[in-house]
Amino acid sequence: MTSTYGGGTAITSEGLPEWLAPVAQASRTIEPHQLSRFLPPETGGRQSAVLVLFGEGEQGPELLLLERAGTLRSHAGQPSFPGGALDPQDGDPAGDGLLRAALREAEEETGLDASGVQIFGVLPQLYIPVSGFVVTPVLGWWRERSPVGAVDQAETARVFTVPVTELTDPGNRAMAVHPSGHRGPAFRVGGATVWGFTAGVIDRILHFAGWERPWDRERQVSLDWQG
C-alpha cells in the first residue's frame, strides 16, 4: 500500500518485513484518543515530529532511541525518539513538511542516512503540554542501515537501539510516577528509564500491534530525580 502525505513524500508499506505489518495496519486505524489523553489544542502549539524507527539488529527487531544531554533546558537526560520542531526548510506541515522534519532531525541528531529509511505510516498528532509541542510520530523502517551516534554532545548524550523483545518483557515494565503526580508507562531498557511521551507512544504501539505481554501495572518507578 502506497500513499502520499499531503501530496508529497511517499508513505509505503510495500516490502516491509512481515513482523512490521501489524504496526503499519494499526497506524491506518488508530484514533488520537486511543494514543493519549493529551490531544492538540484547536489553535496554537509548535508543530514538530519524531521518527519512530524500527530496524533489524543482532537480537531481532529493534527501535532507535537517543538520550538527551543532561545540560539541556528541556527534557534533560531523557531518552526519546529522534525529532524536533518543524523548520521553514521542511515545508508545509499540511503537506510533507512533518515527514521531512522527522528525517532531518534524525540526521542532525544521530548521523542517520535518511535515504535508507522507508516511511510506512504516520500516527495521529499528540500534544506535550509542558513544552507546547504538537508532535506527529512518523513511523519508519530502517531498510538500509547506516552508522549512528551522538552528533552533538551538547544536545545528545548517546544514541542506542533497544530490541523489541526487551520492550515487551514484563520484567522491564513499570508505571512511572512523576513528582507532579502524573503516572504513565515506563521501560527500564538500554541502561535507561524510558518514560513520558516516548514511553507512552511505545506502549500504545506494542498494544495495538498485538505485541504487548501482561505486565504488573502496580510496579512503580519514581521520577523524583527529575525534579
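A charge counts as sitting over a ring if NZ of Lys or CZ of Arg is within 6 Å of the ring centre and within 35 degrees of the ring normal. Arg-158 fits that bill: it lies over the face of Phe-160, 4.1 Å from the ring centre. Keep in mind that this is a predicted model, with a mean pLDDT of 90 for the protein. Here's a quick tour of its rings and its confidence.

**Charges over rings**
- Besides Arg-158 and Phe-160, there is Arg-145, whose charged end sits over the ring of Trp-142 at 4.2 Å from the centre.

**Aromatic pairs**
- The structure has five aromatic pairs.
- One of them is Trp-19 with Phe-54, an edge-to-face pair at 6.2 Å centre to centre and 70 degrees between the planes.
- Trp-19 is in the loop between strand E2 (10–12) and helix H1 (21–29) while Phe-54 is in strand E3 (residues 46–57), so this pair ties together parts 35 residues apart in sequence.
- Phe-54 also pairs with Phe-120: the centres are 6.5 Å apart and the planes are at 50 degrees, so this one is tilted.
- Phe-120 belongs to strand E7 (residues 117–122), 66 residues away from Phe-54.
- Phe-54 is buried at 3% relative accessible area, and Phe-120 is buried at 3% too.
- Trp-19, Phe-54, Phe-120, Trp-141 and Trp-211 make up one aromatic cluster.

**Confidence**
- A pLDDT of 70 or more is reached by 91% of the residues.
- By element, helix H4 (residues 164–168) has the highest mean pLDDT, 98, and strand E1 (residues 2–4) the lowest, 51.
- Residues 4–8 fall below 50, though the stretch has 13 contacts in the model beyond near neighbours in sequence.
- Where pLDDT is low, don't read the predicted coordinates in detail.

Note on methods. Residues are numbered from 1 along each chain as its sequence is written. This is a predicted model: local features need pLDDT of at least 70, side-chain atom pairs count only at pLDDT 80 or more; totals for chains, interfaces and linings use all residues. Side-chain values use heavy atoms; hydrogens and water are left out. pLDDT is the predictor's confidence in each residue, from 0 to 100. Helices (H or I, at least four residues) and strands (E, at least two) are DSSP runs, numbered from the N terminus. Contact means heavy atoms within 4.5 Å. Rings of Phe, Tyr and Trp (its six-membered ring) pair if their centres lie within 6.5 Å; planes under 30 degrees apart count as stacked, over 60 as edge-to-face and the rest as tilted. Buried means under 20% relative accessible area, exposed over 50%, partly exposed in between (1.4 Å probe, protein chains only).
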